[in-house]
Amino acid sequence: MSPPTSTIFLARHGQVEQVFPRRFIGQRDVPLDKTGRSQAEALALILAGMPLDGIWSSDLSRAVDTAKPTAAGREIKTVPELREIRLGEWEGLTSEGVRASFPGEYEKRGADFSEYRPTGGESFRDLQERALPALERIAGSPGRHLVVAHGGLNRALLCAILGMPLAHLMRLEQDYCHVNILLRDASGWRIQGLNLPPSALLSWAFD
């Protein structure tokens, strides 16, 4: 079997500054916290021994700042289509705040993750349809690529690759600064690793 055309290391950004009670973030530009910066450094150490042909990121700072230690001064190509799902007027609100401001809408979203759009926001279907062509473009360049994006976006992409209904996307764990290994060749997409801690890449990288 011929080698894959491209290998994508699809990572979620590092941990962000935590606010309690928790709020919907969406496309708000929330920064990494101290733990998130340490996670980004740890990812860079693991990837340092693995030649990368491209480093790509959502243009939100939490993704760019996760990619920076690995880039070590190399160009990070930012891709707005890799931004997290846009939650419109829900962004910055707690779940209780959403329930108070938009009665019944929180429950509607829970019943239909695929198609429900918050006011001024996107559905997960919308997210998938904007993000998948961007991933395909990146995979069109042969070699190994780091792509740093977001939990919701990664889940939507993985659902597309797996042929899995978006209604089940929350079954796919995407922890902070964990990595999915995606292979793309003439036969299509394959998933070699799912939600791996950076340390797990060592055995894969040096086989």
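User: Welcome me in with a small detail: which residue in β3 is the bridge partner of Ser 57?

Analyst: Happy to, and keep in mind that this is a predicted model. Strand β2 (residues 54–57) and β3 run parallel and are joined by two bridges. In one of these pairings, the partner of Ser 57 in β3 is Thr 78.

User: Which strands stand at the edges of the sheet?

Analyst: Let's walk across the sheet. Its six strands form an open sheet with mixed pairing, in the order β3-β2-β4-β1-β5-β6. Two of the strands have a single partner each, so one side of each is left without a neighbour in the sheet. Those edge strands are β3 (77–78) and β6 (188–196).

User: What residue of β5 is the bridge partner of Ala 11?

Analyst: Ala 11 belongs to β1, which pairs with strand β5 (residues 179–185) in the antiparallel sense over six bridges. With strand β4 (residues 143–149), β1 instead runs parallel, joined by seven bridges, and there Thr 7 stands opposite Arg 144. Back in β5, the partner of Ala 11 is Val 179.

User: How many residues of strand β1 are buried?

Analyst: Both faces of β1 are covered. Ser 6, Ile 8, Leu 10 and Arg 12 are buried on one side, and Thr 7, Phe 9 and Ala 11 on the other. The strand is largely enclosed by the rest of the structure, because the buried count is seven of the seven residues.

User: Are helices α5 and α6 roughly parallel or roughly perpendicular?

Analyst: Helix α5 (residues 124–139) packs against helix α6 (residues 151–162) with the axes 9 Å apart and an angle of about 75°. Angles of 65 to 115 degrees count as roughly perpendicular. Therefore α5 is, relative to α6, roughly perpendicular.

User: How many residues in the contact of α5 with α6 are nonpolar?

Analyst: On the α5 side, the contact includes Phe 124, Leu 127 and Arg 130. On the α6 side, Leu 153, Cys 159 and Ile 161 are among the residues taking part. Two residues of the contact are polar and one is charged, while the nonpolar ones number eleven.

User: Which helix gives the largest share of the largest nonpolar core?

Analyst: That core has 34 residues, and Ile 8 and Leu 182 have the most contacts inside it. β1, α5, β4 and α6 each supply at least two of its residues. The largest share is seven residues, and the helix providing them is α5.

User: Which tryptophan does Leu 182 touch?

Analyst: Leaving aside residues up to four places away in sequence, Leu 182 touches residues including Ile 8, Leu 135 and Ile 161. Its list of contacts also holds Arg 190 and Ile 191. The tryptophan in that list is Trp 189.

Terms used. Residues are numbered from 1 along each chain as its sequence is written. This is a predicted model: local features need pLDDT of at least 70, side-chain atom pairs count only at pLDDT 80 or more; totals for chains, interfaces and linings use all residues. Side-chain values use heavy atoms; hydrogens and water are left out. Axes are lines fitted to C-alpha atoms, for helices over the stretch in contact, and angles run from 0 to 180 degrees between N-to-C directions. Helices (H or I, at least four residues) and strands (E, at least two) are DSSP runs, numbered from the N terminus. Angles under 35 degrees count as roughly parallel, over 145 as roughly antiparallel, 65 to 115 as roughly perpendicular and the rest as oblique. Contact means heavy atoms within 4.5 Å. Ala, Val, Leu, Ile, Met, Phe, Trp, Tyr, Cys and Pro count as nonpolar, Asp, Glu, Lys and Arg as charged, and the others, Gly among them, as polar. Buried means under 20% relative accessible area, exposed over 50%, partly exposed in between (1.4 Å probe, protein chains only). Two strands pair if DSSP finds at least two bridges between them. A nonpolar core is a set of buried Ala, Val, Leu, Ile, Met, Phe, Trp, Tyr and Cys residues joined through side-chain atoms within 4.5 Å.
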